[in-house]
Amino acid sequence: MTEADLPFSQACENNKAPILEALKHILPISQADAPALKLLEVGSGTGQHCVHFAKHLPQVLWQPSEQAIYLDSLNLRISRCNNANLKQAIALDLSQTWPSSCCQQQAIFSANTLHIISQTLVERFIKDASHALAASGQFIVYGPFNYAGQFTSPSNQEFDAWLKQRDSLSGIRDIEWLIQLAESHALTLIDDISMPANNRLLHFQKKA
C-alpha cells in the first residue's frame, strides 16, 4: 500500500494546525530529564492527527487507538512517520472494557467522535475516560457542539441532519449536557476554545 492508498480525511488535514496550536497551550512542557507526558488518543481514524501532533509535541508520548478493523492502515501510516514518541495504535472499542494499558493516562484526546457515536456511548466514553485518567489529568475533545439547544451555524444544522439520516442515534451534542455529564465523573471544564469551521476544543481536567 502506497501513501496515496492510505485512508485520507480532508477535514483532518484542514484542522490539524489549529488543533495543534491549542494543544501546545494545554499540554505542559516537560523538563528535559522528565518522563514524557502519557496521552491516549481515542478514535485516531486515519492517523493524520497523531502523526502531525507527535512530530510537533516531543514532550508527549502519544498512544493512538481505534477499532480493530482500522488498525492495519492506521499503523502503516504511524510506521512510516518514524516518530519515537508515537506508539503503534491499539484496539479500543468504546462499547467494550478499555485495555489495562489505557490506565493512568495524563491526558486523553479525541476529535470528532462525540457526534458520531450514540448518546449512550458518549456517557460510557466520559465515564471510562475519567477512570483512565490520573488525578489532575487533561481530557480534551474537539468537534461541533450546540449551545442552549441551538446550532451555532446553518452548516452545523445541515451536518446534524446528515448525521441523523446516516444514524438516528448520532448528532451534535448540547454542551450544557456534556459539561454536566463530565462533572458527574469528576471532570471540570477548564476552557472552551473557538476553532475554525464552527468547531470547539473543550478542555476538561480531572479533579485531584
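S101 sits in the loop that links β4 (90-91) and β5 (105-111); strands here are DSSP runs of E with at least two residues, helices are runs of H or I with at least four, and both are numbered from the N terminus. This is a predicted model, in which local features need pLDDT of at least 70 and side-chain atom pairs count only at pLDDT 80 or more, while totals for chains, interfaces and linings use all residues. Residues are numbered from 1 along each chain as its sequence is written, and side-chain values use heavy atoms, with hydrogens and water left out.

With 48% relative accessibility, S101 counts as partly exposed. That label covers the range between buried (under 20% relative accessible area) and exposed (over 50%), worked out with a 1.4 Å probe and protein chains only. Along the chain S101 and A132 are 31 residues apart, yet their C-alpha atoms are separated by 9.2 Å.

W98 is in the loop between β4 and β5 too, but W98 has a relative accessibility of 11% and so counts as buried. What does W98 touch, once its neighbours within four places in sequence are set aside? The list runs to L40, V42, L92, I108, F125, D128, A129 and A132, where contact means heavy atoms within 4.5 Å. One of these partners, A129, is 31 residues away from W98 in sequence and 9.2 Å away in space, going from C-alpha to C-alpha.

Now for the whole chain. It has six helices and 10 strands. Its radius of gyration is 16 Å, close to the 17 Å that the globule rule gives for 208 residues, so the chain is as compact as a globular protein of that length. The radius is taken over C-alpha atoms, and the rule is 2.2 Å times the number of residues to the power 0.38. Along the principal axes, the C-alpha atoms fill a box of roughly 45 × 45 × 30 Å. Of the 208 residues, 47% count as buried. Contacts between residues at least 6 apart in sequence often reach further: 72% of them join residues at least 24 apart. The chain exposes about 10200 Å², with carbon and sulfur atoms supplying 53% of that area; the areas come from the Shrake-Rupley method with a 1.4 Å probe, and for residues only the protein chains shown count as cover.

Next, the helices. Two packed helices are described by the angle between their axes and the distance between the axes. How do α1 (residues 10-26) and α2 (residues 48-56) cross? Their axes come within 10 Å and cross at roughly 35 degrees, where axes are lines fitted to C-alpha atoms over the stretch in contact and angles run from 0 to 180 degrees between N-to-C directions. The crossing is right-handed, meaning that the near helix is turned clockwise from the far one by less than a right angle (anticlockwise would be left-handed). On the α1 side, the residues that meet α2 are C12, E13, N15, K16, A17, I19, L20, L23 and K24; on the α2 side they are Q48, H49, H52, F53 and H56. Sorted by class, this contact has six nonpolar, five polar and three charged residues. Ala, Val, Leu, Ile, Met, Phe, Trp, Tyr, Cys and Pro count as nonpolar, Asp, Glu, Lys and Arg as charged, and the others, Gly among them, as polar.

Helix α3 (residues 71-81) has L71, S73, L74, N75, R77 and I78 buried. These residues pack against α2, β3 (65-66) and β4. Right after α3 comes N82, with a positive phi near 60 degrees. Further along, D160 belongs to helix α5 (residues 154-166) and, at 7% relative accessibility, counts as buried. Leaving out residues up to four places away in sequence, D160 touches F151, G171 and I172.

Most residues other than glycine have a negative phi, and most peptide bonds are trans. A186 is not a glycine, but its phi is positive, about 65 degrees. A186 lies in the loop between α6 (175-183) and β9 (187-195) and is partly exposed, at 24% relative accessibility. Beyond its neighbours within four places in sequence, A186 is in contact with S130, Q205, K206 and K207. The C-alpha atoms of A186 and K206 are separated by 5.6 Å, with their positions 20 residues apart along the chain. A197, also not a glycine, has a positive phi of about 60 degrees. A197 is found in the loop between β9 and β10 (199-206) and counts as exposed, at 62% relative accessibility.
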